[in-house]
Amino acid sequence: MAKKLFIKTYGCQMNVYDSARMADVLQPLGYAPTDSPDGADMVILNTCHIREKASEKVYSELGRLRRLKDAKESAGDGRMTIAVAGCVAQAEGEEILARAPYVDMVFGPQTYHRLPEMVAQASRAGGAVLDVEFPVEAKFDHLPDHEGPGATSAFLSIQEGCDRFCTFCVVPYTRGSEYSRDAAAIEAEARKLVTSGTREITLLGQNVNAWHGAGTNGKDWRLGRLVRHLAEIDGLDRIRYTTSHPRDMDDELIEAHGAVDKLMPYLHLPVQSGSDRILAAMNRQHTADDYLRIVERLRAARPDLALSSDFIVGFPGETDADFAATLRLISEVGYAGAYSFKYSARPGTPAAEMENQAAESVRDERLAGLQQLLGEQEAAFHHTKQGAVFPVLFEKPGRKPGQVAGRSPWMQAVVVEAPESLIGRMAECRIVGVAAHSLHGEVAVTNVDHETPAKRVCA
Ligand code: 5AD
Ligand code: SF4
């Protein structure tokens, strides 16, 4: 009988991708995914260290898992192996084992290909396994291919780590320095996904537009060139990439937004703050104006481009005037969506040592103000789609019977009354209703045109 594997994923999409790859590595050892930790033979928490709250969640979850582990063992149902993976494991390996000695394995994001050895080691008596080494070799070269039917929309990791060292951020320490996979390996994985049924690929990286690697023609490519290359894959209909740094938004990539139809008109381009003083203290290496100029050029290349961003409020030393500058920048750009966070001091980062850490009450107040404005912009953006007709890629059944759910080119959830046979396919839809977090549509055209993918309405 298959052993039950439960993976709980916290944080970013890179962790979602990594969790899927861990399941791939463990499959040959007889582990099959299950959707509850109760009675599981192995539980992996794939953790996030980006903000304090994200890390603390891990320790409370470990407390719950300990009870499940004890219950399983006292019921004579065998052992539950508890593992902590991801960025908390990387940053706090020893501390986890001290605080939660019932944990069997702790391993960082660069070690997943060594999981089979770790499992063997952990099953032998005597202490926990700790592996938080950074690799001499790249883990990507050692991970098995994903087997089985692919999701309609899938992630593909092309770059990992970050050399930008924003002063608030732990990523350069937990994920290490930038590493880019070769174009040929990326193309092979993309083709495999498409063969398995994937229609949309989101290229992932901590600083994805810093990607640069050996192209299939032997030359050094950057992301714009890679996107053009992947767009040539038949059956791949949509390409996205995330997350980008404004400084790495080069001409070739901006041009690709205008030239490549398959590159979707939605871009997550975090700015963090609209104040030049705070941007400098954050070591973002650009001004508010630099960012606005990049947005202008992107919109000139692709007029229907929608943008989202990340914002941090209450960075050390942020004044009312700095915060007002952030609100101004938001008003100027007009975002379709955004994530906003209260600054959280992360041990080991330069900003954690800065004076003038903002009071909690100030952070709360600013976050509420920011979210109010961003919420209004998001709602306004959704309303611009009322009555519009555009292709929707259907991914899953809707919440109510008789409905299917998909995504607009701008990442909006779209729900339509239609048969489940639409799942995995694209259909031109008209938007007839706008709710807070989704659009309601109806299928506008249902003829099938396999010969001309560009004009295809329902493939
Ligand atoms: N405090 C608050 N937010 C942070 N982020 C990264 N580090 C911190 C921190 N220390 C946010 C940034 C980043 C997103 C992934 O998380 O906005 O873009
Ligand atoms: Fe962190 Fe992104 Fe800055 Fe890199 S660019 S240090 S991942 S916030």
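**Figure 1. V313 lies in strand β15.** In this predicted model, V313 is buried, with a relative accessible area of 1%. Beyond its neighbours within four places in sequence, V313 is in contact with E318, F323, F341, K342, Y343, R363, R366, L367 and L370. Of these contact partners, R363, R366, L367 and L370 also appear among the buried residues of helix α12. The C-alpha atoms of V313 and D41 are separated by 42 Å, and the two residues are 272 residues apart along the chain.

**Figure 2. Helix α12 spans residues 360-383.** The helix has 24 residues and reaches 34 Å from its first C-alpha to its last, close to the 34 Å expected at 1.5 Å a residue. Its buried residues are R363, R366, L367, L370, L373, L374, Q377, F381 and H382. An α-helix has 3.6 residues a turn, so residues three or four places apart point the same way. The cover over the buried residues of α12 includes the strands β15 (306-313), β16 (337-342), β20 (426-434) and β21 (438-445), together with helix α11 (320-333).

**Figure 3. Helix α2 spans residues 52-74.** From first C-alpha to last, the 23 residues of α2 reach 34 Å, close to the 33 Å expected at 1.5 Å a residue. Which residues of α2 are buried? They are A54, S55, V58, Y59, E61, L62, L65, K69 and K72. Elements that cover these buried residues include β1 (3-9), β3 (42-47), β4 (81-85) and α3 (86-99). G76 follows α2 and has a positive phi, near 70°.

**Figure 4. D41 lies in the loop between β2 (31-33) and β3.** D41 and K4 are 37 residues apart in sequence, and their C-alpha atoms are 5.1 Å apart in space. Neighbours within four places in sequence aside, D41 is in contact with K3, K4, Y31, K72, R79, M80 and T81. One of these partners, K72, is also listed among the buried residues of α2.

**Figure 5. Ten residues are shown around ligand 2: C162, R164, F165, C166, F168, C169, V171, P172, H245 and R284.** By class, the shell around ligand 2 divides into 7 nonpolar residues, 1 polar residue and 2 charged residues. C169, a member of this shell, is buried, with a relative accessible area of 13%.

**Figure 6. The structure holds 0 disulfides, and the surroundings of C48 are shown as an example.** Why does C48 form no disulfide? The cysteine sulfur closest to that of C48 belongs to C12 and lies 6.4 Å away, which is too far for a bond; a disulfide would require the two sulfur atoms to be within 2.5 Å. C48 is buried, with a relative accessible area of 12%.

**Figure 7. A cis peptide bond joins T242 and T243.** The omega angle of this bond is about 0°. T243 has its place in the loop between strand β13 (238-242) and helix α8 (251-259).

**Figure 8. N283 and M411 have positive phi values although neither is a glycine.** For N283, phi is about 60°. Where does N283 lie? Its place is in the loop between helices α9 (276-281) and α10 (288-301). N283 counts as partly exposed, at 28% relative accessibility. For M411, phi is near 75°. M411 is placed in the loop between strands β18 (403-407) and β19 (413-417). M411 is also partly exposed, with a relative accessible area of 30%.

**Figure 9. The protein chain as a whole comprises 12 helices and 21 strands.** Its radius of gyration is 23 Å, close to the 23 Å that the globule rule gives for 459 residues, so the chain is as compact as a globular protein of that length. Along the principal axes, the C-alpha atoms fill a box of roughly 60 × 55 × 50 Å. Of the 459 residues, 53% count as buried. Among contacts with a separation of 6 or more, residues 24 or more positions apart account for 71%.

Terms used:
Residues are numbered from 1 along each chain as its sequence is written. Chains are lettered from A and ligands numbered from 1 in the order in which they are written. This is a predicted model: local features need pLDDT of at least 70, side-chain atom pairs count only at pLDDT 80 or more; totals for chains, interfaces and linings use all residues. Side-chain values use heavy atoms; hydrogens and water are left out. A residue is near a molecule or strand if one of its heavy atoms lies within 4 Å of it. Ala, Val, Leu, Ile, Met, Phe, Trp, Tyr, Cys and Pro count as nonpolar, Asp, Glu, Lys and Arg as charged, and the others, Gly among them, as polar. Helices (H or I, at least four residues) and strands (E, at least two) are DSSP runs, numbered from the N terminus. The expected span of a helix is 1.5 Å times one less than its number of residues. Buried means under 20% relative accessible area, exposed over 50%, partly exposed in between (1.4 Å probe, protein chains only). Contact means heavy atoms within 4.5 Å. The radius of gyration is taken over C-alpha atoms; the globule rule is 2.2 Å times the number of residues to the power 0.38.
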